There are 2 protein chains.
Amino acid sequence: MLKTLNIPDLTPKEEITARIDKLRKGMVEKGIELAVILQNVDIFYFTGTLQRGVLVVSAEQGPQFFVEKSVYRAGMETPLDIIPIKRDKEVKDLLAEKKMLHGRCAMEFDVVPVAICERWKSLLGKDRMEDLSPIIRDGRLVKSEFEVAQFRKSGEIVERVFEKAKDIIKEGIREIDIEAELVAEGRKWGHQGFLRMRGLNQEMMNLYVTHGYSTTITSGADVPISGIGVTHAIAQGASVNTVKRGIPVIVDYGGGYNGYITDETRAYAVGPLKDLFQKPFEVARDIINETMDTAKEGTDATEVFGRAMDRVKTAGLEEHFMGHGEGQVSFIGHGLGLEINELPVITPRHRMILKEGMVFAFEPKFIFPGEGAVGIEVDFVVRKNGLERLTKTPLDIVYV
Amino acid sequence: MLKTLNIPDLTPKEEITARIDKLRKGMVEKGIELAVILQNVDIFYFTGTLQRGVLVVSAEQGPQFFVEKSVYRAGMETPLDIIPIKRDKEVKDLLAEKKMLHGRCAMEFDVVPVAICERWKSLLGKDRMEDLSPIIRDGRLVKSEFEVAQFRKSGEIVERVFEKAKDIIKEGIREIDIEAELVAEGRKWGHQGFLRMRGLNQEMMNLYVTHGYSTTITSGADVPISGIGVTHAIAQGASVNTVKRGIPVIVDYGGGYNGYITDETRAYAVGPLKDLFQKPFEVARDIINETMDTAKEGTDATEVFGRAMDRVKTAGLEEHFMGHGEGQVSFIGHGLGLEINELPVITPRHRMILKEGMVFAFEPKFIFPGEGAVGIEVDFVVRKNGLERLTKTPLDIVYV
């Protein structure tokens, strides 16, 4: 049962330096002199450690990394100097000593709760705070080659899980039994344990195994297929629904390696697929192939969506595309990174010119109420001359 | 492989009514006229559905439940009337029609991000908001018998997982392989999929399997044992560390059923336990037994902690109790509910008189740097005359 697991790399010093330099540049552009960063993923991105603390970045003077716990672990993981503290109250005096308290101060308004923001305003003696989150989100948009290397390893876990699914899926098995086995398989190959999604109420499982009826039920989540789950208290994910012949089993899995998330979907079927699903599956595959043939650095993401929509309309499948009825969502792709809802979003709603190093999941899916769903999801890195895939798993339906 | 799974109960109407009445009473006491509730767990608690929307409660006039998506699912799950909306902007006019916009307005400041609070202030035309979170946390402190019934089913999943662990744990197996198998086992018995923890940066896995060295490494989390994990980007949970003879394998598992979380720990060992761990284990068991003999409605939680600490001091184990060095935490128990960090906290820091219906995890643990850890965790419901346990799993070390 023991399998290979590479111990993940620490974030290199030059990577951390480049990220903080970019942040400081963004701060200068927006007239922000001090950034107070509290969310663990943001701290990890800028320091290389997830340990508890606060990262204060002065546009003029650079980073001050205060660590509460574990100082020992943080010291082994970050290339930055650490300032150990016992409690957050100590930060003000330490910043005052370095004459860093003047000017406009910003925090991550998209994730920091009101109570914590108010506490920091009071701790630092600030009447107001600005919003740092656009600078943080934009700063993460283009990934480095170090980051792409982490994505590739995350993609390897996805490949293993899709491979294993061939042995697990069979007629009569429950969605949750497939899910349980495949989540375990991913973990044994080194999956980090859970996936992160930014913002209030953004909850995410590692794996969604859905089939027939359960693929067609809408949830509050902004996704085309969420599943029913085993309780309305969670309201998403695999259910006790069992696999029937000819109906696609949708396996939507998020790899997680060293923080970096991949997110792909394949369809499996016991016996030949019902006619209803055959053409939509081919359209989904065509959309992916056509996108790989045309998109590259410089392409507008709204055009990627538009071209896909043209193909959907030609096939007469608009009302089933990316959901049905109240469940229809307005995107066909979403950015990946340390969080599963990073930029870019591939939607007709916002223009976004693709740049080398952007990473996104692309997921043409079709939902047929009362019947089931079919679709594919693959992950791309934008390159100068095209798109690079993050896994080698074929797009075809797997017949088991 | 198919196992029994009861479909979870919907929250009964009288339960929802009682919860909202209590909230309104709390609002009146604090002079709050309007509560705007956005966090999904809070919405679930007060409405019985987790679908996307906003629950507005007027102290005078009661609840207005606006649902964005899925209206269909919310309608099947909540006993409240639903007001379907397409976007949150519609809420102001709908409240104005009912003359509900006057007076002091409050939101969940402990979880709602600044950007979302600012958006709602602007949507409702309010200059300021008050903090609703103390009323919400206090309102959840005492559980109903309906809730205790959900906890018991959550506890049954825990019993199954501890039973299965006997077959899985063996010399040489990696922590993550044990974790993978046991998480899968829990899922097959109906585990809801993930556990919730309230607040910024509060991340939680279903299961922590740790052993020897990995039990002794501190993390940023406010827990006595967090594990190393497989990457510093997650920094908690099972690792690739393998099981050796005579050293406890600590299995800390959170059941999850219909939203309700249980959280228990047992120690397993291959072969006889090293002497170092024998006495601390007995002290942990004694503390639990003594607490069961003495605590009941009316007991002060600080006394529960104090009595445990006396036993620890008699054994000369203070420096190993609930962590070591920078890893030592200041509590021996924490409240359970829809989130794993509810009230009460069993700590010397805050007085809290136990009341019938409070539910908490109680976890005497001892950590020995470089060696390993040992301990037990059990869940209690406070009753008039004592404590009721949520699982039947014995406290003893399991020798495999």
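1. A good place to start is a pair of strands in chain B. Strand β12 (residues 359-362) of chain B and β15(B) run antiparallel and are joined by four bridges. Within β15(B), V381(B) is the bridge partner of V359(B). Please keep in mind as you read on that this is a predicted model.

2. Strand β15(B) has a second partner as well. Four bridges join β15(B) to strand β16 (residues 386-389) of chain B, and these two also run antiparallel. Here V382(B) stands opposite L387(B) in β16(B). With two residues between them, β15(B) and β16(B) form a hairpin.

3. Is β15(B) mostly covered or mostly open? Strand β15 (residues 378-383) of chain B is mostly covered, since five of its six residues are buried. As general background, side chains in a regular strand alternate between the two faces of the sheet.

4. Next, have a look at helix α5 (residues 114-124) of chain B. The buried residues of this helix are V114(B), I116(B) and C117(B). They lie on the same side of α5(B), because they cover an arc of only 165 degrees around the axis. It helps to recall that an α-helix has 3.6 residues a turn, so residues three or four places apart point the same way.

5. What do the buried residues of α5(B) pack against? They pack against α5 (114-124) of chain A, together with β5 (105-107) of chain B. The helix α5(B) is followed by G125(B), which has a positive phi near 70 degrees.

6. How are the two chains related? A turn of 180 degrees and a shift of 0.0 Å along the axis lay chain A on chain B with an RMSD of 0.0 Å. That is the relation of a two-fold axis. Among the residues of chain A, P113(A) comes closest to the rotation axis, with its C-alpha at 1.9 Å. The copies meet through the same surface, because 100% of the interface residues of chain A are also interface residues in chain B.

7. Some backbone details in chain A deserve a second look. For orientation, most peptide bonds are trans, and most residues other than glycine have a negative phi. Which peptide bond has an omega near -10 degrees? The bond from K69(A) to S70(A) does, and this bond is cis. S70(A) sits in the loop between β3 (62-69) and α3 (71-77) of chain A.

8. A further cis peptide bond runs from L343(A) to P344(A), with omega near 0 degrees. P344(A) belongs to strand β11 (residues 342-346) of chain A.

9. Now to phi. N258(A) is a residue other than glycine, yet its phi is positive, near 55 degrees. You will find N258(A) in the loop between β8 (249-257) and β9 (260-269) of chain A. Is N258(A) buried or exposed? N258(A) counts as buried because 25 other C-beta atoms lie within 10 Å, and the cut-off for buried is 20 or more.

10. Chain B offers a residue to set beside that. K99(B) is not a glycine, but it has a positive phi of about 55 degrees. The residue K99(B) is found in the loop between α4 (91-97) and β5 of chain B. K99(B) is exposed, because it has 10 other C-beta atoms within 10 Å, and exposed residues have 12 or fewer. To put the two together, N258(A) is buried, whereas K99(B) is exposed.

Notes
Residues are numbered from 1 along each chain as its sequence is written. Chains are lettered from A and ligands numbered from 1 in the order in which they are written. This is a predicted model: local features need pLDDT of at least 70, side-chain atom pairs count only at pLDDT 80 or more; totals for chains, interfaces and linings use all residues. The arc is that of the directions from the helix axis to the C-beta atoms. Two residues are in contact if their C-beta atoms, placed from the backbone, lie within 7 Å. Two strands pair if DSSP finds at least two bridges between them. Copies are superposed by least squares on the C-alpha atoms of residues with pLDDT of at least 70 in both.
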